[in-house]
Amino acid sequence: MSASTSTSATASQDACYISLLGLAEYFRTSQPPNIKKCIQCLQALFTFMPPSKVEARTHLQMGQILMAYTKNIDLARNHLEKAWSISEPLANFDVKFDTASLLAQLHLQTDMNSHQAKVMLRRAVELSQHNVYWHCKLLLQLAQIHASDREYSAASELLAVGAESADEASATYLKVLFLLSRAMILMIERKTNDVLALLNSAGQIIDNNIPNPHQKEYLKVFFLVLQVCYYLALGQVKTVKPSLKQLQMSIQTIMAPNWPSDEAIFGANQLEMFVWLPKEQLYVLVYLVTVSHSMMAGYMDKAQKYTEKALTQIEKLKQQEDKPILSVFKVILLEHIVMCRMVMGNRELAIREIAAARDVCLAAPQRSLLRRHSAQLHCLIGLYSMSTSFFEHAERQFVVCVSETTERDLKLFANLNLAIIYLRTKRDSDLKQILDAVSTENTHTYSSQALMGGFYYVQGLHAFHKNSFHEAKRFLRETLKMANAEDLNRLTSCSLVLLSHVFLSIGNSKESMNMVTPAMQLASKIPDIHVQLWGSAILKDLHRMSKDVQHEKDAYANHVKYSENLIADQRKCVQSAHHELVNWFQGDPPVTSGPPAAAVLLLPESSVAASVAVIASTSAAMQTAGQYAQFY
């Protein structure tokens with residue numbers, strides 16, 4: 001064959017490839033797409049014995065299309081594995097990286113096999129060192145998988161490598177993204193000093209070295225979300241206010257109608273084609289951290305209002321594209337609103353919303369959400385059981401929560417509520433054991449201010465029940481000091497009403513009145529029906545002692561009103577089909593659509609009811625920023 005004939009044949013063959021690829025793309029983008037014909041066109045390419053690069057790229061395209069438009073996962077995997085085996089030894093050929101990324105996703109989706117996904121990505125990371133874009137993208141993907149497996153040190157190391165790579169390539173925006181992502185991981189590990197150092201470093205770069213104003217604003221939102229989560233995890237509700245206000249202003253800027261699309265902002269430079277979360281999801285996330293703040297500060301009405309707005313936004317986004325992160329947001333919001341309902345005495349609504357959170361968890365692929373939130377669900381059911389006086393069920397729920405969780409704050413939260421149960425059921429040895437364990441574990445380690453205030457409160461409650469009134473006052477003053485320093489209103493109101501009861505018990509009616517009056521004012525503002533119930537009983541006794549008949553009658557009328565509201569709600573609870581969730585202790589939670597449970601009406605003792613979730617939900621509802629880790 002002559003050279004001209006060979007050239008002509010090659011040109012003819014190239015024309016065939018181009019025609020078939022063009023035709024395949026035409027069928028794929030038709031309305032509606034004709035995927036069958038698209039696949040047939042790509043399959044036909046292999047009959048021409050194409051060069052290795054064309055063959056590898058075609059196998060990759062086949063894998064992509066089969067994954068996106070069909071359920072034939074095995075065939076998709078087969079094509080991707082062929083693409084990988086052909087492309088892996090070829091130099092300067094990006095198909096191998098795209099293929100490795102997709103294969104890793106496939107391993108996670110189908111086999112739940114993170115080991116294979118990690119092996120694949122590590123090899124691709126090694127091969128991509130001279131391609132900064134793919135090197136960074138693969139590092140982020142690998143770090144994400146390690147973080148999901150709770151291998152935080154490995155994730156942190158990979159993100160540190162990514163920051164160095166971005167720095168060497170003078171990709172400042174990408175470097176900050178890596179720094180903030182690493183700060184998020186360190187926050188989960190409770191390495192508070194390292195988190196502060198990274199946030200300070202990233203903050204300075206954002207302020208001084210990001211020339212693009214739109215990218216700067218995105219990074220600022222990421223930075224502020226982490227800063228707010230950092231303060232909330234420490235229970236610093238007052239300290240966080242300026243950062244939260246700044247975050248709310250930044251998200252309004254990003255959501256303004258004249259703000260460019262994400263594609264316009266991040267599409268020009270390959271090394272800037274990374275975004276933590278798209279702006280619509282950031283909008284929901286800002287609502288979520290605002291709800292967390294409102295819960296911890298004791299503004300239940302505000303928390304409910306923002307939760308409803310966030311859930312509405314989530315449903316809108318789900319109709320456009322049902323991203324898994326939206327289900328994560330929904331579960332966390334439901335966990336928060338459950339806590340609000342219980343504080344306000346709406347326990348029947350709370351169990352309904354626990355059931356809604358269960359449904360979201362069960363709907364997620366491979367039960368991934370249930371695995372992450374099972375301990376929180378048990379904790380919430382424990383609180384619900386406790387508030388409805390099903391103490392045996394509550395105890396078992398908290399024990400399951402403690403055994404399932406690796407989060408130290410959630411464990412502390414559950415243990416403090418277990419302590420209240422042991423106190424209520426007069427199990428002194430169990431109570432001593434749990435308080436000693438909590439004290440030993442948390443004395444010299446980082447803990448939330450709200451949780452540690454809760455710990456002192458429980459000790460004060462214990463001292464009160466032992467009639468050790470001087471000791472009770474000492475613990476409760478410590479609680480008040482911590483609560484007042486950070487505007488933890490619910491902790492303040494619970495401490496004040498208990499302190500009032502202490503003074504009433506030792507006959508100091510003046511000090512008792514000085515404590516119960518602000519407690520009732522705060523309880524009304526929150527609103528907290530349990531503190532109102534307790535406080536109205538104390539007021540009734542104080543007015544009787546001072547022979548103030550009219551005020552005694554008013555306090556008694558209020559006490560009856562709060563009691564009747566709780567009794568009516570209790571009746572609804574035990575008649576609800578969802579009440580059956582109190583019997584879920586292992587495996588998947590039951591679908592509660594059967595007949596209602598047998599009616600057992602018990603009104604919680606006021607001091608115990610007011611103590612339920614006194615720590616203001618830091619651990620049961622507030623998730624670490626790591627829940628939001630998602631890289632694009």
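This short talk goes through the overall makeup, the confidence, one cavity and some salt bridges of the structure shown above.

Before anything else, please keep in mind that this is a predicted model, in which local features need pLDDT of at least 70 and side-chain atom pairs count only at pLDDT 80 or more, while totals for chains, interfaces and linings use all residues. Residues are numbered from 1 along each chain as its sequence is written, and side-chain values use heavy atoms, with hydrogens and water left out.

Let me begin with confidence, where pLDDT is the predictor's confidence in each residue, from 0 to 100. The chain has a mean pLDDT of 87, and 90% of its residues reach 70 or more. Over residues 1–6, however, the pLDDT is below 50, and this stretch has one contact in the model beyond near neighbours in sequence, a contact being heavy atoms within 4.5 Å. Residues 594–632 also stay under 50, and for them the model has 149 contacts beyond four places in sequence.

Turning to the fold, the chain comes to 28 helices and zero strands, where helices (H or I, at least four residues) and strands (E, at least two) are DSSP runs, numbered from the N terminus. Of the 632 residues, 56% are buried; buried means under 20% relative accessible area, exposed over 50%, and partly exposed in between, with a 1.4 Å probe and protein chains only. If we take the contacts between residues at least 6 apart in sequence, 68% join residues at least 24 apart.

Next, the cavities. On a 1 Å grid over the protein atoms alone, a cavity is a set of points where a 1.4 Å probe fits but cannot get out, and lining residues have an atom within 4 Å of a point. Grid points are joined across faces, edges and corners, and a volume is the space filled by probe spheres set on the points. The structure holds three cavities of 30 Å³ or more, and the second largest has a volume of about 50 Å³.

What lines this second largest cavity? The residues are Y173, L177, Y218, L219, F222, V275, W276, L277 and L282. Helices α9 (172–188) and α11 (213–233) each supply at least two residues of that lining, and α11 gives the largest share, three residues. By class, the lining has nine nonpolar, no polar and no charged residues, with Ala, Val, Leu, Ile, Met, Phe, Trp, Tyr, Cys and Pro counted as nonpolar, Asp, Glu, Lys and Arg as charged, and the others, Gly among them, as polar.

Now to charged pairs. A search of the whole structure finds 24 salt bridges, each being a side-chain nitrogen of Lys or Arg within 4 Å of a carboxyl oxygen of Asp or Glu. One of them joins the side chains of D569 and R347 at 3.0 Å, N to O. This pair links distant parts of the chain, with D569 in helix α27 (residues 549–575) and R347 in helix α17 (residues 347–363), 222 residues apart. Both D569 and R347 are buried.

Salt bridges that share partners also join E88, R123 and E126 into one network. Within it, R123 and E126 meet at 3.3 Å, N to O; they are three residues apart in helix α6 (residues 114–127), and so are separated by about one helical turn. R123 is partly exposed, with a relative accessible area of 33%, and E126 is likewise partly exposed, at 49%.

Conventions
1 Å grid on protein atoms, 1.4 Å probe; cavity = no way out; pocket = protein on both sides within 12 Å on 5 of 7 lines; lining within 4 Å.
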